[in-house]
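This report reads one protein model element by element, moving from a central strand to its neighbours and then to selected side chains. Please keep the sequence and the coordinates at hand while reading.

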Amino acid sequence: MLPRLSAVQKTLSKSSNMFRSMSCKKNLAYVDGKWVSAKSGKTFPVINPVDCSTIECVPDMDEADTSLAIDAASRSFQTFKKTLAKERSDLLRSWFNLMVKHSEELAQIMTKENGKSLDESRAEIRYGNSFIEWFAEEARRINGEILQAPVKNRELFLMKQPVGTAAFITPWNFPHAMITRKAGAALAAGCTCVIKPSEDTPLTALALAHLAEEAGFPPGVINVLTTSVDNSVAVGQELCNNPKVRVLSFTGSTTVGKILYKQCASTMKRLSLELGGNAPYIVFETADINLAVTGALASKFRNTGQTCISANRFFVHSKVYDEFVCKFMTKIESDIKMGDGSKKGITHGPLIKESQFKIVNNLVNDAKAKGATVHCGGKSLSEVGPLFYAPTVITDVTRDMEIYGKEIFGPVAVIHKFEDEEDVIQRANEVPVGLAGYFFSRDISQIFRVARNLEVGMIGVNEGLISCSEAAFGGVKESGIGREGSSHGIDEYIDIKYVCLGNVHH
């Protein structure tokens with residue numbers, strides 16, 4: 001008589017059959033060039049947010065597993081730091097080529113575990129791949145300097161050397177790009193990596209590790225630890241406290257970033273923190289309204305609003321307010337189709353998990369109860385799936401409402417009316433964070449004034465999608481420390497060593 005399967009096992013069996021043909025799908029952690037289970041033998045499920053079914057189970061690594069991964073990366077660094085820049089460039093180029101070859105498979109894995117549509121997943125794969133391509137080229141441009149000596153018979157040099165082992169704690173909303181943006185820079189510099197992906201989206205990280213192995217990265221250079229919520233805190237503490245880790249890069253909430261900042265103090269680690277945002281989106285009276293509406297849809301609803309640089313607080317000039325709101329709602333109705341992202345025609349998926357769904361739902365309900373006007377949405381779409389929330393537009397939001405000034409991280413647009421430039425700049429800057437900001441204007445003088453006065457690290461002017469590998473990504477105030485991407489991204493993983501050569505006879 002066959003043993004009875006549990007509901008989870010039945011779901012897992014169906015999902016496993018679906019994924020069987022995918023060469024990049026892995027269900028073990030990757031440490032020191034080996035695919036391994038947790039020492040405890042424990043696993044945790046990876047959930048498809050579309051229907052809350054189990055896709056796969058992966059190892060639940062703890063602090064002991066983390067210590068072993070750090071040891072492996074530290075050992076490997078002793079050799080990897082001596083590689084030629086061209087050798088590192090070639091490895092990154094090989095990794096990039098494999099990512100391009102397997103782009104569709106990577107997109108399908110991401111859609112399953114993250115919930116975003118296949119079109120959005122494909123776009124992220126292209127975006128994430130571009131960082132590996134970029135840093136493959138930048139690896140050969142890490143040059144030192146020869147300085148002019150202030151006294152005779154001396155030669156002065158600045159040498160650039162890799163910091164050491166780098167630890168990455170990456171989020172679920174962009175599980176591919178947030179790894180490649182960090183790892184590309186670190187590997188180009190000659191650092192080794194220990195990656196802790198979000199417990200919600202570990203399969204994308206494991207797929208990247210598989211392709212890195214295929215590309216020929218030596219054992220221990222890239223390590224991936226899969227960790228459940230139960231072990232995340234302990235693993236994070238080990239990454240922060242272990243002196244063999246010399247730089248920590250984290251993308252996530254400001255609250256968690258501050259905790260990691262404190263924990264890294266004991267070993268004086270280099271830190272790169274890309275934290276919370278609360279992006280203003282300002283539409284001035286001279287704006288091209290159709291362009292502003294198109295940009296608003298892309299910026300607000302990308303990844304169902306679960307993006308750190310999403311437009312979050314809309315400020316629209318009173319003279320164009322009614323036109324903007326009307327056209328925005330028309331655009332939402334015509335362009336957004338929610339559902340299972342793996343199906344054709346679907347543009348937007350669910351929220352990532354129940355806790356996030358509750359936060360969004362509670363914020364909207366509080367605003368409604370206190371008198372806000374809901375123009376569309378404002379409700380769950382339970383007929384589509386348990387974690388789907390309707391695209392929502394809210395006006396008449398006042399300061400006593402919880403949603404006012406809050407980073408929503410969901411498909412909810414809060415639109416305020418304003419009268420003059422000075423007032424809207426003040427309102428845009430009143431929050432403690434400053435990651436991204438957007439504004440639309442055809443007044444060239446105003447464009448330069450507002451760009452200078454907005455307290456954010458990145459600005460889109462007449463544009464709602466601003467990210468690319470060539471640009472420096474990062475914020476000001478409580479939105480973080482350091483920059484990712486661009487020619488500055490490698491700086492986070494480089495030490496500058498000053499060499500003074502004395503008694504040189506010319």
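How many bridges join β12 to strand β13, and do the two run parallel or antiparallel? In this predicted model, β12 and strand β13 (residues 311–317) are joined by 5 bridges and run parallel. Within that pairing, I282 stands opposite F315 of β13. The connection between the two strands passes through helix α10 (residues 289–301), and β12, α10 and β13 together make a right-handed β-α-β unit.

Strand β12 also pairs with strand β18 (residues 436–440), to which it is joined by 3 bridges, again in a parallel arrangement. Here the bridge partner of I282 is F439, so that residue I282 has a partner in β13, namely F315, as well as one in β18. In a regular strand the side chains alternate between the two faces of the sheet. For β12 (residues 279–283), both faces are covered, since A279, Y281 and V283 on one side and P280 and I282 on the other are all buried. Counted over the strand, 5 of its 5 residues are buried.

**Helix α11 and its aromatic contacts**

Helix α11 (residues 321–335) has 15 residues and reaches 21 Å from its first C-alpha to its last, close to the 21 Å expected at 1.5 Å a residue. Its buried residues are Y321, F324, V325, F328 and I332. Seen down the axis of α11, these buried residues fall within an arc of 95°, so they line one face of the helix. An α-helix has 3.6 residues a turn, so residues three or four places apart point the same way. On the other side of α11, by contrast, D322, E333 and S334 are exposed.

Which aromatic residues are linked by ring pairs into a cluster? Y281, F301, F314, F324, F328, Y438 and F440 are joined in this way, and the structure as a whole holds 15 aromatic pairs. One of them is formed by F314 and F324, whose ring centres are 6.4 Å apart and whose planes stand at 40°, so the pair is tilted. This pair links distant parts of the chain, with F314 in strand β13 and F324 in helix α11, 10 residues apart. Both F314 and F324 are buried.

Two charged side chains also lie over aromatic faces, as the table shows.

| Charged residue | Ring | Distance from the ring centre |
|---|---|---|
| R181 | F473 | 3.9 Å |
| K417 | Y321 | 4.7 Å |

The second of these rings, Y321, is among the buried residues of α11.

**The β3–β4 hairpin**

Strand β3 (residues 43–48) and strand β4 are joined by 6 bridges and run antiparallel, with C57 of β4 as the bridge partner of P45. Strand β4 (residues 53–59) is mostly covered, given that 6 of its 7 residues are buried. The hairpin of β3 and β4 has 4 residues between the strands, and C52 takes a positive phi near 65° there.

**Positive phi in two loops**

Positive phi values in residues other than glycine also appear at N462, where phi is near 60°, and at S486, where phi is near 65°. N462 is found in the loop between β19 (458–461) and β20 (476–477), whereas S486 is in the loop between β21 (480–481) and β22 (494–501). Are these two residues buried or partly exposed? N462 has a relative accessible area of 25% and is partly exposed, while S486, with a relative accessible area of 3%, is buried because it falls under the 20% limit.

**Two buried helix residues and their distances**

Q446 lies in helix α14 (residues 444–453) and, at 9% relative accessibility, counts as buried. The C-alpha atoms of Q446 and F284 are separated by 9.5 Å, although the two residues are 162 residues apart along the chain. A209, found in helix α7 (residues 202–215), is buried with a relative accessible area of 1%. For A209 and E56, which are 153 residues apart along the chain, the separation of the C-alpha atoms is 17 Å.

How values were computed
Residues are numbered from 1 along each chain as its sequence is written. This is a predicted model: local features need pLDDT of at least 70, side-chain atom pairs count only at pLDDT 80 or more; totals for chains, interfaces and linings use all residues. Side-chain values use heavy atoms; hydrogens and water are left out. Buried means under 20% relative accessible area, exposed over 50%, partly exposed in between (1.4 Å probe, protein chains only). A crossover is right-handed if, with the strands pointing away from the viewer, the path from the first strand over the helix to the second runs clockwise. Rings of Phe, Tyr and Trp (its six-membered ring) pair if their centres lie within 6.5 Å; planes under 30 degrees apart count as stacked, over 60 as edge-to-face and the rest as tilted. A charge sits over a ring if NZ of Lys or CZ of Arg is within 6 Å of the ring centre and within 35 degrees of the ring normal. The expected span of a helix is 1.5 Å times one less than its number of residues. The arc is that of the directions from the helix axis to the C-beta atoms.
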